[in-house]
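Student: I've got a model open and I'd like to check the labels people put on it. Can you walk me through the reasoning?

Tutor: Sure, let's put it up.

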Amino acid sequence: MTQSLGPATARGVLRLGTRRSLMATTQSGQVADRLAALTGRTVELVGVTTFGDVTKAQLAQLGGTGVFVSALRDKLIEGEIDFAVHSLKDLPTKPDPRVVLAAIPPRDDPRDALVGAEKLADLAPGGLVGTGSPRRVAQLRALRPDLEYVPIRGNADTRIGKVASGELRAVVLAAAGLGRIGRAAEISQFFDVADMLPAPGQGALAVECRAGDADLIDLLGLLDDPRTRTAVTAERAVLATLEAGCSAPVGAYATDDGHILSLTAAVVAFDGTRSVRKSTAGDPFAAMELGRELATAMIAEGAGTLMGERTH
Ligand SMILES: NCc1[nH]cc(CCC(=O)O)c1CC(=O)O
């Protein structure tokens, strides 16, 4: 009974590294439960405090949410954990050769959502709406140019708290994240993807392990949803080709019905008055090329200029 059981891997336990926020532990817990159900293996959640969690204020200067991802990747390489779950939206488009994207599970709701007492159309002119995302502000300005948009940071609880306190009339967040933290009941409106194009990868998860861990790559592959993978591959190819990061005013959304991959992407000017928006469809096997070609066509129509106006 007092005998040491040795390292977790020696017992066959799989260690899933997770950030400690409610959203992160919920989505990691869901992946752990699904993997355990499919394989009979025991999955242990290992909490990791990331640099991004302790220096949120400097996040913009640090180059976005990539800081959350790199801390978990470091723990993977150090061998402290066996795999990690990230919000796919937060994953940099530049591949990290040390890790493999072993699974992209079925996507949750990709839409953005308004949290507040009213729908966007019913807010009184001049009302304050909070969002830290240039993509959301630009598209909101196109829908309601008469409202005031306020940059906000912090976790979803903090953001929603500004509505409860009366500081803001409403905030805009990802529906999937609100669901994961149990706050979906406070959504007053789901934005149609046609009105508010989501961030590339929004609502999807990324399951990563070490590039050399062949057995685990096979095991985690059971969690993969091929149609979500082709859709987000196309969306992220748009982002990569535009050389844009997670703070750029770029929306992209794709669906794969098993035969046809349909992709729409947009770059929106900061003031919401102009945008370059294009759609395409093609073979899901050519997801990457489809995204690249669409972005190249967008650049030819001035997408780069629109992005440059606000990010530099
Ligand atoms: N950038 C932070 C982040 N990363 C993932 C989500 C929500 C879940 C998702 O979009 O998949 C959020 C919060 C938000 O955008 O409201």
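Tutor: One definition to start with: two strands pair if DSSP finds at least two bridges between them. Keep in mind that this is a predicted model.

Student: Okay, so what makes S5 and S8 paired strands?

Tutor: Count the bridges: five join S5 (residues 112-116) to S8 (residues 170-174). Pairing asks for at least two, so they qualify. The two strands run antiparallel, and alanine 113 stands opposite leucine 173 in S8.

Student: Where do they sit in their sheet, and why are S7 and S9 called edges?

Tutor: The order is S7-S6-S8-S5-S9, an open sheet of five strands with mixed pairing. S7 (148-150) and S9 (187-190) have a single partner strand each, so one side of each is left without a neighbour in the sheet. From one strand to the next, the twist averages 30 degrees.

Student: Which helices lie across S8, and at what angles?

Tutor: H5 (residues 134-143) lies across S5, S7 and S8, at about 125 degrees to S8. H6 (residues 156-164) lies across S5 and S8, and its angle to S8 is about 155 degrees.

Student: How do you know that lysine 89 makes a polar contact with the ligand?

Tutor: The cut-off is a pair of N or O atoms within 3.5 Å. An N or O atom in the lysine 89 side chain is 2.5 Å from a ligand oxygen, so the pair passes. Aspartate 90 passes too, with a polar side-chain atom 3.0 Å from a ligand nitrogen. Alanine 174 uses a backbone N or O atom, 2.9 Å from a ligand oxygen.

Student: How much of the ligand is buried by the protein?

Tutor: The protein buries 81% of the 390 Å² that the ligand exposes when taken alone.

Student: What makes up the shell, by class?

Tutor: There are three nonpolar, four polar and four charged residues. Among the residues around the ligand are Met23, Lys89, Arg136 and Gly203. S8 and helix H7 (175-180) each supply at least two residues of the shell.

Student: What about the sheet that contains S10?

Tutor: That is an open sheet of five strands too, ordered S2-S1-S3-S10-S4, with mixed pairing. S2 (43-47) and S4 (99-103) each pair on one side only, which is what makes them edge strands. The twist here averages 35 degrees from one strand to the next.

Student: How do you know that S4 pairs with S10?

Tutor: Same test: four bridges join S4 to S10 (residues 205-210), and at least two are needed. They run antiparallel, with valine 100 bridged to cysteine 209 in S10.

How values were computed:
Residues numbered from 1 in each chain as written. Predicted model: local features only at pLDDT ≥ 70, side-chain atom pairs only at ≥ 80, totals over all residues. Heavy atoms only, no water. Axes fitted to C-alpha atoms, helices over the stretch in contact; angles between N-to-C directions. Contact = heavy atoms within 4.5 Å. Near = heavy atom within 4 Å. Polar contact = N/O pair within 3.5 Å; in protein donor to acceptor, adjacent residues only side chain to side chain. Areas by Shrake-Rupley, 256 points an atom, 1.4 Å probe, with all protein chains shown as cover. Nonpolar A, V, L, I, M, F, W, Y, C, P; charged D, E, K, R; others polar.
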